[in-house]
Every structure is written in structure tokens, then in C-alpha cells.
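Q: Please explain the reasoning behind the terms applied to the structure shown here.

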Amino acid sequence: MSGRKWGIIVFGDGMKRIRRVLVTLAAIAAAAALCWLLARWRGLILYHDQVDPQGWEVFGVDVSSYQGKVDWSLLKRQGVDFAFLKATEGSSLTDPCFAENWAGAGEAGVLRGAYHFFSYDSPGESQARNFIAAVSAEDFSLPPVVDIEFYGTYLQEPKDRDEVLPILEELLSALEEHYGCKPILYVTERSYQLYVRGAYEDYPLWVSMPVLAPVWHSWSFWQYSHTGKLQGYDGTQGHIDLNVFRGSMAELEALCRPEQGAA
């Protein structure tokens, strides 16, 4: 065979391989685009600035003193159905805006719940006392939340599971006994894997995972944005966290009725 014919054959085979690669890449891109569109349609992908997103019946926020003075009626008019309000942190800190937020959310008809920022450095019993002192059982709406995330040196060097679980167990047991319902656990993917997985699977989960829904978890609340923007607050933090509830409004309201509370 002449060199010219051989070159034509080799060139032709090369073009066929390139075409096959291009067709395969185009098919992969089309499938990925279809999956993306399907996930967007189902509400499993939410952008950071989506407010009261379609595909979800129940929309909410969570706030602390960083949001400053909150106009709860204005938030309500923007579609906010529920809110988690920071109440306490560790064994002694109370959010200075909690009482005002609690009253304001209730007056505006926003379903409200309180959350405690978990400390790795103090006993669970004293953390529970701090929260219980701030949030009376007779005023309670949504179950209490224990926010399990990382701070300070624990961002780089988290405490061992064996050190954390006794503190967490003491806190959760005291809250459940007082309020008559299992607390909600706020988790990041990292804190879930380190401390919650395999130990607290029967507790309601509030999962922080921007943009993409945590489809591999059995979760109740999804915090999909840390950088949302709404009107109605004037604090040092210009953003507000955005959340959805995995259920109907009636199902959310059912969470507000614990089987029993403290006398």
C-alpha cells in the first residue's frame, strides 16, 4: 500500500474517532443539562437569591443579632412562613435580639422556633439550662434547634466524636425532657458525618447545603443560601439565611404541637 493511501486511511480513522468523541461529549452535555433542568424544576437546585422559591410550599429564614432590628410584618409579606431565631450560645450567652424577634415574629404570624449554638467547650447540662431560661416551654412553637457547626480552632481541628457525643447527648436529653419533643439538629455535611451519622438518625435534620438539596439525607429543613437578600432588617449583616421546609404548611404546624411540655 502506498504511503499516500495509508495516510488517507489513518486520517479517516482519526476523524471517525474524533466524531465519536464529540458525539459522546454532546450526549453527556445534553444529559447533564436535562438533569440540571429537571432538578431546577423539582426545586432541588436553588440559587442563593431565590426568595419563596417555586416548588416549595413553605419558605423561611433564620436570624440572629447580626440582622439587627427586624420588621417581621415586612418579611411575612415577602413570603416568609417560618423563622428560626438565635436564642443562646454555650452555657451563658443569650442573643440580645432574641426576645424582640420572638415577640415580633409571633405578632406577624410567622411560625417561630429558637436555636442554640452548640459549644464544644462546656457541659451539655449547663447549655440546656441556658436555653431553657431563655425559651419558656409554654411559649414554644417549633421544636428547639441545636446548631452543630464549627468555630475557632475547631474549623481546622474538630474535636473527636468520643469527646463531643457525651456533651451533645446531655444537652439533647435535657431539652427533649423539658419541651416534650426531639430537638431539630442543624448540621453541615461535615458535622453530620463527624457527630450525627449513626447516632441521631431519628432526630429531625436541618441541613445547611448551598444550592444543591441534600438528597442523600432524610431531612426536614434545608438551608440553601447564606447570602439571601430581603427587605426588613438593618443589622451589620446585609444577608439573611434562606430555608425551605420539606412538607406542607399543615405538616409544619404539626411540629409546633409537642406531645408534652414542662409544667
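A: A residue is called buried when its relative accessible area is under 20%. The model is predicted, and the values that follow are computed from it.

Q: Why is C181 called buried?
A: C181 has a relative accessibility of 13%; the limit is under 20%, so C181 counts as buried. C256, with a relative accessible area of 16%, is buried as well.

Q: How do you know that C181 and C256 form no disulfide?
A: A disulfide requires two cysteine sulfur atoms within 2.5 Å. The sulfur of C181 has its closest cysteine sulfur in C256, 9.7 Å away, and is therefore too far for a bond. A search of the whole structure finds zero disulfides.

Q: What makes the pair of F117 and Y151 tilted?
A: Planes under 30 degrees apart count as stacked and those over 60 as edge-to-face, the rest being tilted. The planes of F117 and Y151 stand at 50°, with ring centres 5.8 Å apart, so the pair is tilted. F117 lies in strand β4 and Y151 in the loop between β5 and α5, 34 residues apart.

Q: Why is Y151 called partly exposed?
A: Partly exposed covers the range between under 20% and over 50%. Y151 has a relative accessible area of 23%, and is therefore partly exposed, whereas F117, at 13%, counts as buried.

Q: What makes the arrangement of K182 and Y203 a charge over a ring?
A: The atom NZ of Lys must be within 6 Å of the ring centre and within 35 degrees of the ring normal. The charged end of K182 is 4.4 Å from the centre of the Y203 ring and sits over that ring.

Methods. Residues are numbered from 1 along each chain as its sequence is written. This is a predicted model: local features need pLDDT of at least 70, side-chain atom pairs count only at pLDDT 80 or more; totals for chains, interfaces and linings use all residues. Side-chain values use heavy atoms; hydrogens and water are left out. Buried means under 20% relative accessible area, exposed over 50%, partly exposed in between (1.4 Å probe, protein chains only). Rings of Phe, Tyr and Trp (its six-membered ring) pair if their centres lie within 6.5 Å; planes under 30 degrees apart count as stacked, over 60 as edge-to-face and the rest as tilted. Helices (H or I, at least four residues) and strands (E, at least two) are DSSP runs, numbered from the N terminus.
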